[in-house]
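Biologist: Please take a close look at the empty space enclosed in this structure. What surrounds it, and what lies around that?

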2 protein chains.
Amino acid sequence: NLSSYSLIIFSSALKNLIVRNKLNAFYFLMIFTSSGAGYHSESKAKEYKHVCKRACQRAVDRLRAGGLALEAVTAALMELEDSPFTNAGTGSNLNLSGEIECDASIMDGKSLNYGAVGALSGIKNPVLVARRLLSETQKGKLSAGRIPPCFLVGKGAEQWAISHGIPACPTEKMTTSEYQTTQNPLSASDVCLTADLCALIKIRTHLWILNDFGCLEPVGDILVAGEENNSACLDTVGVVVVDREGNVAAAVSSGGLAMKHPGRVGQAAHYGCGCWAENARDVSLYSTAVSTSGSGEHLIRTMLARECSTAMQAENAHQALLEAMQNKFISSPFLAGEDCVLGGVIVLRCCTCGEAQRSEDIQALLVEFLWSHTTESMCVGYMSAQDSKARTHISRLPPGAVAGQSLAIEGGVCRLGTVSD
Amino acid sequence: NLSSYSLIIFSSALKNLIVRNKLNAFYFLMIFTSSGAGYHSESKAKEYKHVCKRACQRAVDRLRAGGLALEAVTAALMELEDSPFTNAGTGSNLNLSGEIECDASIMDGKSLNYGAVGALSGIKNPVLVARRLLSETQKGKLSAGRIPPCFLVGKGAEQWAISHGIPACPTEKMTTSEYQTTQNPLSASDVCLTADLCALIKIRTHLWILNDFGCLEPVGDILVAGEENNSACLDTVGVVVVDREGNVAAAVSSGGLAMKHPGRVGQAAHYGCGCWAENARDVSLYSTAVSTSGSGEHLIRTMLARECSTAMQAENAHQALLEAMQNKFISSPFLAGEDCVLGGVIVLRCCTCGEAQRSEDIQALLVEFLWSHTTESMCVGYMSAQDSKARTHISRLPPGAVAGQSLAIEGGVCRLGTVSD
């Protein structure tokens with residue numbers, strides 16, 4: 001069934017990294033930042049790597065200042081949303097009406113609390129609203145015994161955000177500079193889709209008009225070369241973090257498919273589909289955090305984030321992720337009939353068990369980090385507390401592998417810990 | 001851990017029911033209809049039972065006319081939505097702005113396709129939109145290779161519905177007759193919630209004004225007696241069906257919590273949380289269909305529909321559901337700190353295996369149907385192709401049991417089949 005996959009273990013530099021830090025009894029962290037699953041040309045790769053690095057640094061700054069995983073994922077994700085190169089927050093894909101509607105969610109592995117927003121317009125950082133919904137949930141019931149919402153959509157979500165002190169942001173400021181609102185924003189019924197549109201939907205920054213035949217037509221010379229394709233459709237961003245206390249957290253944010261129908265909500269706002277984080281407890285030996293990117297509907301129907309998290313309780317993380325991507329995604333019975341299943345995941349798991357528990361005076365944490373994708377490429381960044389800067393990497397399918405049918409899987413392992421006295 | 005539970009097996013009337021029908025090689029069906037999880041007073045019970053019966057009949061009519069499970073669940077759910085007594089479609093709870101916003105979803109066990117709408121206003125039958133989204137998914141990709149949406153929310157969902165021929169319906173027609181729009185619809189920021197509101201949110205039909213202190217105040221004499229309480233908050237409706245081909249389907253619809261924040265989406269529009277249907281295949285011996293009702297956020301965070309479906313692959317259905325409700329819901333780690341976990345499920349599973357496969361000339365299907373709830377009561381209706389009318393039942397917690405901490409579990413079994421010559 002499996003056409004091909006590549007495997008690279010980035011462990012040489014990180015393996016056996018034991019940090020001795022007397023100020024903190026236990027201090028470690030690990031971040032993955034995906035700037036999306038799609039095709040990244042060499043020319044765009046540099047931009048994506050830069051964004052990843054900045055996001056990693058932002059999270060590390062928080063963690064170094066004493067912040068926990070939840071704060072770190074939020075900080076990293078805001079940086080990713082603020083970049084005009086990613087399809088999240090500022091620079092998001094436009095829907096059929098020429099508007100930006102964002103999805104975002106966040107999960108805390110410690111409390112297992114969750115917050116999400118869908119089809120949200122007019123807010124610069126959707127993840128901030130998801131984060132705030134999560135916080136409000138933790139405060140307990142509202143007056144009259146009402147349970148606080150964990151998922152808000154559309155205008156109601158925007159109003160909730162503003163009433164909770166999150167500032168509004170006009171759509172114009174969130175679209176990239178090349179974009180200008182047309183006199184005739186597209187409505188679903190107006191759109192006459194033609195083959196030419198295939199090229200159009202593949203670029204991020206567009207200027208559309210309706211031509212004399214009532215069809216979409218790009219205006220200006222902002223069409224980029226063919227090789228820039230696809231990424232605009234799928235560049236969801238996601239972050240997973242483990243903090244010094246061993247708590248995991250995950251978050252994801254997306255502007256959704258280009259030219260999606262207004263009101264369409266993708267995996268980034270779907271519980272169990274866009275992100276998952278669960279601290280170790282009872283039967284679960286490992287703390288796990290997962291974030292996904294790709295075709296929203298496929299990621300929803302396969303509940304890929306939660307499936308990968310569940311799989312990560314197996315002994316061999318690499319084998320488990322490989323099987324999950326193959327059996328629960330590419331060959332999932334929930335996607336029978338789909339010949340092109342596009343997605344990517346970043347996965348982190350850690351435990352204080354086994355090899356990591358070296359001696360009584362050293363508290364050590366074994367962190368395994370993996371990423372896998374069926375898309376042509378995926379950009380990943382990661383950093384530990386002891387790194388002076390983030391590492392980034394554009395993972396690509398092996399030559400000849402068919403996107404949507406093959407997968408790449410890569411990762412590494414590191415041991416972090418401190419002398420406890 | 002388990003405070004108490006009741007167990008009644010309604011199998012006497014149905015057991016060993018083998019239908020000989022030469023016209024159809026294989027003909028059977030089973031329907032459960034929940035008109036909500038909440039407290040049903042004796043005076044209201046009659047209304048709920050009537051609605052359940054009509055919905056069962058509607059589904060049976062479809063099945064007798066050759067319709068499959070998907071059509072039958074849709075027909076039954078539309079009947080439930082049209083009743084002003086249920087919190088779905090017409091008669092839905094109002095949100096903080098005095099508006100109706102509905103959630104609904106549907107899943108087909110054969111194709112595993114799924115459709116959902118959230119925070120949908122202005123459409124009489126939300127399940128019809130979910131059903132249409134599911135159908136469109138089955139048609140494959142849209143032009144330009146775009147994947148059709150499976151989940152739409154808010155205004156965009158309403159526009160999509162109308163552009164697909166589903167007629168609009170003004171909100172006034174969906175509110176029950178006692179309701180009149182106030183001059184000052186409530187906005188989230190205006191609302192000053194007081195203890196008095198506890199009573200107010202417990203009734204379905206309300207007329208609100210803001211008093212001089214900026215607080216909510218009921219107007220008129222439409223406040224119902226205390227014993228009518230609670231049900232208005234939680235009366236989601238759901239249906240599960242197995243058709244003559246052995247396909248299962250499930251659907252759910254809800255107006256959501258009374259006085260919810262605009263844009264709040266509950267379990268009824270959440271994949272894996274509101275309903276689940278999966279035909280038997282490979283490793284799964286049983287076809288299962290599940291629909292849930294109760295506190296939306298609790299049902300989302302525990303993914304109760306899918307958890308129950310997974311549990312139903314165990315040998316002992318009753319024991320499996322009991323453990324799922326106890327360990328995956330009441331005592332779920334995802335709801336740690338919640339002392340009152342309100343919900344209900346209807347579950348159906350069937351197989352052609354074991355005892356049912358009696359001889360070669362009789363094709364038989366063993367159907368097990370169960371319901372369980374942690375709410376004070378739940379109304380259930382069920383019917384087979386061979387019944388002339390539906391059976392209904394108000395299931396209640398045992399005396400002294402605490403709602404939200406205890407559970408009731410009941411169910412039955414029946415064997416259906418035909419002589420194949």
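Modeller: A search of the whole structure, which is a predicted model, turns up ten cavities of 30 Å³ or more. Take the largest cavity. Its volume is about 80 Å³.

Both chains appear in the lining of this largest cavity. From chain A come A:T137, A:G140, A:K141, A:I147, A:P148 and A:C150. From chain B come B:E297, B:H298, B:R301 and B:E338. Helix α8 of chain B, residues 296–301, gives the most to this lining. Its share is three residues. By character, the lining divides into three nonpolar, three polar and four charged residues.

Now step back to the contact between the chains. Chain B puts 53 residues into it, and chain A puts in 53 residues. Together the two chains bury about 4,500 Å² between them. Carbon and sulfur atoms carry 66% of that area. On the chain B side, B:Y271, B:R301 and B:F334 supply 15% of the area buried against chain A. No other three residues supply more. B:R301 therefore has two roles to note here: it lines the largest cavity, and it belongs to that trio.

Last, the packing. Nonpolar side chains tend to be buried together in soluble globular proteins. The largest nonpolar core here holds 118 residues. A:M107, A:F151, A:L321, B:M107, B:F151 and B:L321 touch the most other members. Look at A:L321 up close. Leaving out residues up to four places away in sequence, A:L321 touches A:C308, A:M312, A:V345, A:V347, A:L370, A:W371, A:S372 and A:I409.

Terms used
Residues numbered from 1 in each chain as written. Chains lettered and ligands numbered in written order. Predicted model: local features only at pLDDT ≥ 70, side-chain atom pairs only at ≥ 80, totals over all residues. Heavy atoms only, no water. Core = buried A, V, L, I, M, F, W, Y, C linked by side-chain atoms within 4.5 Å. Buried < 20%, exposed > 50% of the residue type's maximum accessible area, 1.4 Å probe, protein only. Contact = heavy atoms within 4.5 Å. 1 Å grid on protein atoms, 1.4 Å probe; cavity = no way out; pocket = protein on both sides within 12 Å on 5 of 7 lines; lining within 4 Å. Points joined across faces, edges and corners; volume = space filled by probe spheres on them. Helix = DSSP H or I, 4+ residues; strand = E, 2+ residues; numbered from the N terminus. Nonpolar A, V, L, I, M, F, W, Y, C, P; charged D, E, K, R; others polar. Buried area = accessible area lost by both parts, 1.4 Å probe.
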